[in-house]
Amino acid sequence: MIKIAPSILAADFACLREQIRRVEAAGADIIHCDVMDGHFVPNLTFGPLVINAARRSTSLPVEVHLMIAQPERYISAFRQAGADRMIVHAETCPHLHRVVHQVKETGAGVGVALNPATSLTTVEEILPDIDVLLLMTVNPGFGGQTFIQAVTEKIRRARQKLSTLRQEILIEVDGGIDQNTVATVVEAGAQLLVAGSAIFGAADPGQACIALRQQAEAEFMRTMFSAHA
């Protein structure tokens, strides 16, 4: 089943609560929060205070994508702020197993993210310990970037690899997801779609969320039918 995760990176922070509630009413599944530190990625966004504001604005799960160096230093703070799931980058964690289990010990869900040029082999040993594998479909750091088509095959390979495991691990995609790319990633095997500009950049974020889901689910059903035909 397809899940939609609007990213508040593209929201209007002057009315953040209202924007979050509009996408929640439209059927969003998760609120996605992109935390950037200006070191691992060339941008600064927000920290635990904004996560707490998002948490108080919705009953949906709040997912925090830590695009930061040394994420282990801040896991407790983001959990206390209200993160239901934290995603760390394999590229920032030389001791990835330790960091993943540090997140799990807080009671939060955990995911691992990979940049477009980072191989899937990087996470083979940690897959049984995570809930989500996030594949970046742009180079992280800014919203509104163009989808990198080459990542499509990486999504497909990830789906094949995960199909051999017993537990369900969601494949999440983040970057350039909109009406023009949603069918591509769903056909390849993505299940959780992060969308920022495509939703919050629209005149009606709620309607944009609904339209994106409808297109994603139509492609999901087409793919399922083709697989069993």
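Arg213 and Glu217 sit 4 residues apart in helix α8, so about one helical turn separates them. Their side chains meet in a salt bridge, 3.6 Å from N to O. This is a predicted model, by the way. Keep that in mind throughout.

Glu217 is partly exposed, with a relative accessible area of 25%. Arg213 counts as buried, at 14% relative accessibility.

Now, Arg213 has another partner. Asp29 forms a salt bridge with Arg213, and here the closest N and O atoms are 2.6 Å apart. That pair links distant parts of the chain. Asp29 is in the loop between α1 and β2, while Arg213 is in helix α8, residues 205-228. The two are 184 residues apart. Asp29 is partly exposed, with a relative accessible area of 22%. Put it together: Asp29, Arg213 and Glu217 are linked in a network of salt bridges.

How many salt bridges are there by this rule? The count comes to 9. Let me show one more. Glu124 and Lys161 meet through their side chains in a salt bridge, at 2.9 Å from N to O. Glu124 lies in the loop between β5 and β6, and Lys161 in helix α5, residues 151-162, so this pair ties together parts that are 37 residues apart in sequence. On accessibility, Glu124 is partly exposed, with a relative accessible area of 34%. Lys161 also counts as partly exposed, at 28% relative accessibility.

Next, a charged residue without a bridge. Asp129 has its place in the loop between β5 and β6, the latter being residues 132-136. Asp129 is buried, yet has no salt bridge. Which side chain of opposite charge is nearest? It is Lys104, 5.6 Å away. A salt bridge needs nitrogen and oxygen within 4 Å. What does Asp129 touch, then, leaving aside its neighbours within four places in sequence? The contacts are His97, Val100, His101, Lys104, Val110 and Gln167. So Lys104 is in contact with Asp129, but no salt bridge is made by Asp129.

Val100 takes us to helix α4, residues 96-105. Which residues of α4 are buried? They are Leu96, Val99, Val100 and Val103. These cover an arc of only 100° around the axis, which puts them on the same side of α4. Turn to the other side of α4, and Arg98 and Glu105 are exposed. What covers the buried residues? The cover includes α3 (75-81), β4 (85-89) and β5 (109-114). One backbone note here. Just after α4, Gly107 takes a positive phi of about 95°.

On to aromatics. A search of the whole structure finds 1 aromatic pair. The partners are Phe13 and Phe46. The geometry is tilted, with 5.8 Å centre to centre and 40° between the planes. Phe13 lies in the loop between β1 (3-6) and α1 (16-25), and Phe46 in the loop between β2 (31-36) and α2 (48-55), so the pair ties together parts that are 33 residues apart in sequence. Buried or exposed? Phe46 counts as buried, at 11% relative accessibility. Phe13 is partly exposed, with a relative accessible area of 38%.

Last topic, the cysteines. A disulfide is a covalent bond between the sulfur atoms of two cysteines. By this rule, the count here comes to 0 disulfides. Why does Cys15 have no bond? The closest cysteine sulfur, in Cys33, is 15 Å from the sulfur of Cys15, and that is too far for a bond. Cys15 is partly exposed, with a relative accessible area of 22%. And Cys93? Its closest cysteine sulfur is in Cys33 too, 19 Å away, again too far for a bond. Cys93 is buried, with a relative accessible area of 6%.

To recap. A salt-bridge network links Asp29, Arg213 and Glu217. Asp129 is buried without a salt bridge. The buried residues of α4 are on the same side of that helix. Phe13 and Phe46 form a tilted aromatic pair. The disulfide count is 0.

Key:
Residues are numbered from 1 along each chain as its sequence is written. This is a predicted model: local features need pLDDT of at least 70, side-chain atom pairs count only at pLDDT 80 or more; totals for chains, interfaces and linings use all residues. Side-chain values use heavy atoms; hydrogens and water are left out. Buried means under 20% relative accessible area, exposed over 50%, partly exposed in between (1.4 Å probe, protein chains only). The arc is that of the directions from the helix axis to the C-beta atoms. Contact means heavy atoms within 4.5 Å. Lys and Arg count as positive and Asp and Glu as negative; His and the chain ends are not counted. Rings of Phe, Tyr and Trp (its six-membered ring) pair if their centres lie within 6.5 Å; planes under 30 degrees apart count as stacked, over 60 as edge-to-face and the rest as tilted. A disulfide is a pair of cysteine sulfur atoms within 2.5 Å.
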